Amino acid sequence: QLQASGGGLVQAGGSLRLSCGSSIPTFSRNALGWFRRPPGKEREFVASISASGGSTAYGPFMKGRVTISRDNVKNTVDLEMNTLMPGDTAIYYCAQSTYSSSNTNQWAYWGQGTQVTVSS
């Protein structure tokens with residue numbers, strides 16, 4: 001029901017734009033988020049956006065280098081990532097739920113993840 005895409009291999013300093021499409025009917029009334037799981041680590045909060053798009057939040061690891069946006073007509077949420085570093089290598093997941101939270105346990109729906117690899 002959530003399908004993430006846009007991952008790939010990029011050199012350090014480069015950019016990527018991830019996109020996630022949703023078929024969940026409550027999309028326009030739900031918050032959306034992006035998380036990542038680096039190799040050997042727990043899932044980390046990257047960014048979230050409110051249902052209207054008027055409120056966003058960013059986690060500490062990528063703040064200032066990422067921008068989250070949504071399109072309530074196309075039912076998509078995007079994550080623009082800039083100045084990528086090898087430490088950003090991870091599987092990136094999109095999520096959807098009633099309320100926004102940095103806690104992974106608060107999100108009801110998850111996409112399958114898309115791999116981002118940043119080479120030095």
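Which residues does A108 touch, not counting residues up to four places away in sequence? A108 touches Q96 and S97. The model is a predicted one.

**A108 and its surroundings**

A108 sits in the loop between β9 and β10 (109–110). Is A108 buried or exposed? Its relative accessibility is 51%, so A108 counts as exposed. Along the sequence, A108 and Q96 are 12 residues apart. In space, their C-alpha atoms are 6.2 Å apart.

**An open sheet**

Four strands form an open sheet. Their order is β1-β3-β8-β7, and the pairing is antiparallel. β1 and β7 stand at the edges with a single partner strand each, so one side of each has no neighbour in the sheet. On average, neighbouring strands of this sheet are turned by 15 degrees against each other, direction ignored. Between β7 and β8 there are 6 bridges. T67 stands opposite E80 in β8.

**Nonpolar cores**

In soluble globular proteins, nonpolar side chains tend to be buried together. Here, the largest nonpolar core has 25 residues. W34, V46, L79, M81 and Y92 touch the most other members. Several strands each supply at least two residues of this core, including those in the table.

| Strand | Residues |
|---|---|
| β1 | 2–5 |
| β3 | 16–22 |
| β7 | 66–71 |
| β8 | 76–81 |

A second, separate core has 5 residues, among them F35, F45, A95 and W107.

Back in the largest core, what does L79 touch, not counting residues up to four places away in sequence? Its contacts include L16, L18, W34, V46, I68 and Y92. R17 and T67 are also among them.

Notes:
Residues are numbered from 1 along each chain as its sequence is written. This is a predicted model: local features need pLDDT of at least 70, side-chain atom pairs count only at pLDDT 80 or more; totals for chains, interfaces and linings use all residues. Side-chain values use heavy atoms; hydrogens and water are left out. A nonpolar core is a set of buried Ala, Val, Leu, Ile, Met, Phe, Trp, Tyr and Cys residues joined through side-chain atoms within 4.5 Å. Buried means under 20% relative accessible area, exposed over 50%, partly exposed in between (1.4 Å probe, protein chains only). Contact means heavy atoms within 4.5 Å. Two strands pair if DSSP finds at least two bridges between them. Axes are lines fitted to C-alpha atoms, for helices over the stretch in contact, and angles run from 0 to 180 degrees between N-to-C directions.
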